[in-house]
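Welcome, and please open the structure in your viewer. We will walk from one stop to the next, with a selection to make at each.

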Amino acid sequence: MMKTKQTSYDEKKHYNDVYQMLTEAFPMTGAYVQWMPPRWEYMHYHPNLNRSELSKIGIWTEDDRIVGVATYEDNLGDAYLATLPTHRSLRSEMVQYAQQYLHKKQQNGDAYLRIFCSDCDNELEAILKENNFKKDCTFLEYRGVTQWDTRCEIPSIDLPSGYRLKSLQVDNDLQKIDRVLWRGFNHPGEPPLDGLNDRKLMQSTPNYDLSLNFVVENPKGEFVSYSGVWLVPTKKSAYIEPVATDPDYRRMGLGQAAVLACIHEC
């Protein structure tokens with residue numbers, strides 16, 4: 001292996017190259033071990049991203065080719081490591097880098113850091129234990145990642161009477177989208193007036209496809225459930241995000257219907 005070089009992330013210089021590295025690194029089949037490339041894209045166009053700390057993201061290059069990245073998603077404190085399969089040996093160095101640069105300072109002055117590690121990644125788990133990390137099974141990332149094998153039969157879509165599925169290509173009402181996402185993620189009351197700017201930002205990503213985002217509309221014409229999907233065509237994979245249902249309309253199968261519509265469209 002040639003000598004690798006670690007440097008700080010520069011969005012204009014490195015964004016596309018990191019995306020390509022993540023695409024190359026993501027397996028065609030098997031367990032979810034590290035980031036899918038759409039998360040890199042989703043992160044950069046999310047309104048909650050703390051852009052002031054982007055230079056703290058670390059990248060590793062070999063002969064001017066990016067072979068690894070240590071990043072946060074929205075704020076410091078939660079870190080994610082990804083490398084090409086040929087460069088897994090970098091991860092000990094990457095863990096130490098994350099401890100130094102990707103931690104969050106707590107009010108008492110202590111440093112706080114969580115690093116995502118798949119249950120299937122025994123090697124990274126061992127590295128984290130060597131660095132005195134302890135498994136946190138309450139971490140949303142740990143509990144919330146699910147895979148679905150597309151070789152399985154896709155269930156039929158059933159909706160209550162009066163409800164219908166619509167893609168955003170058919171009806172891209174940003175105000176209705178903003179409301180279902182606001183309420184779907186358990187925010188109280190009505191969404192702030194500036195939320196439409198957030199929706200426009202999210203839809204400005206390079207690979208955003210209105211036809212792959214679905215809503216469920218209730219009989220009154222309100223959007224009450226939402227599911228979006230980000231394709232990785234070269235890997236025959238997709239990242240489903242976000243999925244949200246208005247609290248007043250849960251336990252009705254609406255979220256499942258929206259997700260299944262996305263899968264059908266893929």
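A residue counts as buried here when its relative accessible area is under 20%. Keep that cut-off at hand, and bear in mind that this is a predicted model.

**Stop 1: a buried tryptophan and its partner.** Select tryptophan 230. Its relative accessible area is 4%, so tryptophan 230 is buried. Now add tyrosine 208, which at 16% is buried as well. The two rings make an aromatic pair of the edge-to-face kind, with 5.7 Å from centre to centre and 75° between the planes. Follow the chain between them: tryptophan 230 belongs to strand β10 (residues 223-232), while tyrosine 208 lies in the loop between α7 (195-202) and β9 (213-217). The pair links distant parts of the chain, 22 residues apart.

Which residues share one aromatic cluster with Tyr208 and Trp230? Add Tyr42 and Tyr239 to your selection, and you have the cluster in view.

**Stop 2: the open sheet.** Next, switch to a cartoon view and look for an open sheet of five strands. Read across it, the order is β1-β2-β3-β4-β7, and the pairing is mixed. At the edges are β1 (5-8) and β7, each of which pairs on one side only. Strands of a sheet pair through backbone hydrogen bonds, and they can run parallel or antiparallel. Is the pairing of β4 with β7 parallel or antiparallel? These strands pair in the parallel sense, over two bridges. To see one bridge, select alanine 79 together with its partner in β7, isoleucine 115.

**Stop 3: a tilted pair.** Stay in this region and select tyrosine 80 and phenylalanine 116. How many aromatic pairs does the model hold? The count comes to 10 aromatic pairs. In the pair you have selected, the ring centres are 6.3 Å apart and the planes meet at 35°, so the pair of tyrosine 80 and phenylalanine 116 is tilted. Tyrosine 80 is in strand β4 (residues 78-83), and phenylalanine 116 is in the loop between β7 (114-115) and α4 (122-130), 36 residues along the chain. Both rings belong to buried residues: tyrosine 80 has 6% relative accessibility, and phenylalanine 116 has a relative accessible area of 10%.

**Stop 4: charges over rings.** Keep tyrosine 80 selected and add arginine 39. The charged end of arginine 39 sits over the ring of tyrosine 80, 5.1 Å from the ring centre. For another example, select lysine 176 and phenylalanine 223: lysine 176 lies over the face of that ring, at 5.3 Å from its centre.

Terms used
Residues are numbered from 1 along each chain as its sequence is written. This is a predicted model: local features need pLDDT of at least 70, side-chain atom pairs count only at pLDDT 80 or more; totals for chains, interfaces and linings use all residues. Side-chain values use heavy atoms; hydrogens and water are left out. Rings of Phe, Tyr and Trp (its six-membered ring) pair if their centres lie within 6.5 Å; planes under 30 degrees apart count as stacked, over 60 as edge-to-face and the rest as tilted. Helices (H or I, at least four residues) and strands (E, at least two) are DSSP runs, numbered from the N terminus. Buried means under 20% relative accessible area, exposed over 50%, partly exposed in between (1.4 Å probe, protein chains only). A charge sits over a ring if NZ of Lys or CZ of Arg is within 6 Å of the ring centre and within 35 degrees of the ring normal. Two strands pair if DSSP finds at least two bridges between them.
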